[in-house]
Amino acid sequence: MYQEESFSNAMTEARKDNFDALTNEIKGMEAFIERFLTKIFDSTSSVSERDFNVTSL
């Protein structure tokens, strides 16, 4: 009985650790994508402003 509880606790802890690691990895990817898109759109808007003599909103 004690071994079953110990095993169950170990599995729960491992799942929690894996979930936390996955959450951190997803947050890192989200931040990277956000920075990437910000740079792309900033450079695109500045090129449009320069080429077509318009201002961004």
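## Exercises on a predicted model

In this predicted model, the count comes to 1 salt bridge. Let's work through it together.

**Exercise 1.** Find which side chains meet in a salt bridge.

*Solution.* Begin with the general idea: side chains of opposite charge can pair when their charged atoms come close. Next, apply the cut-off: a side-chain nitrogen of Lys or Arg must lie within 4 Å of a carboxyl oxygen of Asp or Glu. Lys-16 and Asp-20 are the partners, with 3.3 Å from N to O.

**Exercise 2.** Work out where the two partners sit along the chain.

*Solution.* Start with the overall fold, which has 1 helix and 0 strands. That helix, H1, covers residues 2–52 and holds both Lys-16 and Asp-20. The two are 4 residues apart, about one turn of the helix.

**Exercise 3.** Decide whether Lys-16 is buried, partly exposed or exposed, and do likewise for Asp-20.

*Solution.* Recall that buried means under 20% relative accessible area and exposed means over 50%. Lys-16 has 48%, so Lys-16 is partly exposed. Asp-20 has 33%, so partly exposed is the class for Asp-20 too. Now look at the whole protein: of its 57 residues, 0% count as buried.

**Exercise 4.** Compare the protein with a compact globule of 57 residues.

*Solution.* First take the globule, whose radius of gyration would be near 10 Å; the protein has 24 Å. Then check the C-alpha trace, which spans about 75 × 15 × 5 Å along its principal axes. Finally, turn to the surface: the protein exposes about 5,600 Å², and carbon and sulfur atoms supply 61% of that area.

Terms used: Residues numbered from 1 in each chain as written. Predicted model: local features only at pLDDT ≥ 70, side-chain atom pairs only at ≥ 80, totals over all residues. Heavy atoms only, no water. Buried < 20%, exposed > 50% of the residue type's maximum accessible area, 1.4 Å probe, protein only. Rg over C-alpha atoms; globule rule 2.2 N^0.38 Å. Areas by Shrake-Rupley, 256 points an atom, 1.4 Å probe, with all protein chains shown as cover.
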